[in-house]
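Please open the model in your viewer and keep the selection panel at hand. The tour below goes step by step, saying what to select and then what is found there.

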Amino acid sequence: IDESTPTQTLSSRTLDGLAEYLKSGKASRIVVMTGAGISTSAGIPDFRSPETGLYANLARLNLPYAEAVFDIGYFKENPEPFYSLASEIYPGKFRPTITHSFIRLLNDKGLLLKLFTQNIDCLEREAGVPDDKIIEAHGSFARQSCIECKAAYPEDDIKSHIAAKTIPRCYECQGLVKPEIVFFGEQLPAAFLESRMVPMSSDLCIVMGTSLTVQPFASLPGATLPYTPRLLINKERVGNLGTGTDDVLLLEDCDSGVRKLAEACGWLEELEKLWAET
Ligand code: APR
């Protein structure tokens with residue numbers, strides 16, 4: 001792909017080709033890979049966008065470096081910054097976006113093989129994507145436990161601590177309690193490690209709203225077979241998307257990109273209705 005090709009022309013030509021492929025029923029084992037960019041229109045900041053990203057706005061927490069807020073070593077010494085942030089991003093007050101509903105629509109049509117998400121906001125679940133189709137590569141707020149003895153901790157109790165801006169401690173050993181979000185320095189969930197070859201058996205890969213900067217998630221789009229079409233819907237080019245012969249780039253907002261694809265497939269009305277009910 002030469003940089004001089006205006007991506008708009010490229011995407012409109014090949015987007016129609018991709019829609020034909022989808023409508024033909026040949027794409028029935030779709031893997032979707034997502035990051036924080038699919039939740040920004042729900043009001044949850046992403047991490048690395050220059051102005052609005054979380055890492056650009058953590059100065060008030062006096063961190064040694066931005067990602068320390070999600071570093072297990074730093075958390076053990078200073079759990080306060082994470083818990084201060086947790087009160088802003090804890091699930092329950094955000095509505096899934098139409099992009100989340102698009103993933104749900106793929107599943108309703110029997111086309112979703114697996115969703116790999118880096119997000120911890122549980123919005124895919126709230127949009128109606130079934131649990132067995134979701135791989136939360138970086139964990140989520142769905143459960144919390146003691147980082148020392150691993151004892152589970154009640155959801156209601158962590159919610160009241162987060163609201164009161166106090167630090168929850170394990171009832172068994174007084175260790176620090178943490179939501180089961182994967183911090184830097186922690187082991188990735190077994191479910192993710194076991195599913196890393198799933199993209200090889202897909203017939204379409206859709207990557208949305210991620211900078212593809214964090215490994216091993218960032219390697220997932222490269223785990224598809226060479227001729228599996230890949231679609232990137234993202235504000236900027238990321239990873240090696242665009243270099244494959246069957247790659248399609250929609251370098252724009254996720255919500256407008258999924259609407260464009262749905263319209264090309266004749267699914268837009270169905271998608272808008274599904275989202276309106278979410
Ligand atoms: N539409 C399309 N793209 C968007 C939108 C949007 N509305 N908003 C943001 N983006 C793009 C940004 O341009 C960027 O390329 O989404 C990407 C978001 O990248 P990051 O902020 O790095 O988020 P993510 O890729 O999910 O981060 C990965 O880093 O800190 C860790 O564990 C954390 O899971 C997170 C991981």
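What follows is a short walk through a predicted model, from its domains to the interface and then to a cavity.

**The two domains.** Begin by colouring residues 15–41, 96–138 and 188–276 as domain 1, and then give a second colour to residues 45–92 and 141–181, which make up domain 2. If you place a marker at the centre of each domain, taken over C-alpha atoms, the two markers are separated by 28 Å.

**The interface.** Next, select the residues where the domains meet: eleven residues of domain 1 are in contact with eleven residues of domain 2. Between them the two domains bury about 790 Å², and 67% of this area lies on carbon and sulfur atoms. On the side of domain 1 that touches domain 2, the residues divide by class into four nonpolar, five polar and two charged. The count of salt bridges between the domains is zero, and zero residue pairs are found in polar contact across the interface when both residues must have pLDDT 80 or more.

**The cavity.** Finally, select Ala36, Ser39, Ile44, Pro45, Phe47, Leu54, Ile89, Asn119, Ile120 and Asp121, which line the largest cavity. A search of the whole structure finds one cavity of 30 Å³ or more, and the space in the largest cavity comes to about 120 Å³. Which classes of residue form the lining of this cavity? By class, the lining has seven nonpolar, two polar and one charged residues. With the domain colours still on, you can see that domain 1 and domain 2 each supply at least three residues to the lining.

Definitions and conventions. Residues numbered from 1 in each chain as written. Predicted model: local features only at pLDDT ≥ 70, side-chain atom pairs only at ≥ 80, totals over all residues. Heavy atoms only, no water. Domains from an automatic or database assignment. Contact = heavy atoms within 4.5 Å. Buried area = accessible area lost by both parts, 1.4 Å probe. Salt bridge = Lys/Arg side-chain N within 4 Å of Asp/Glu carboxyl O. Polar contact = N/O pair within 3.5 Å; in protein donor to acceptor, adjacent residues only side chain to side chain. Nonpolar A, V, L, I, M, F, W, Y, C, P; charged D, E, K, R; others polar. 1 Å grid on protein atoms, 1.4 Å probe; cavity = no way out; pocket = protein on both sides within 12 Å on 5 of 7 lines; lining within 4 Å. Points joined across faces, edges and corners; volume = space filled by probe spheres on them.
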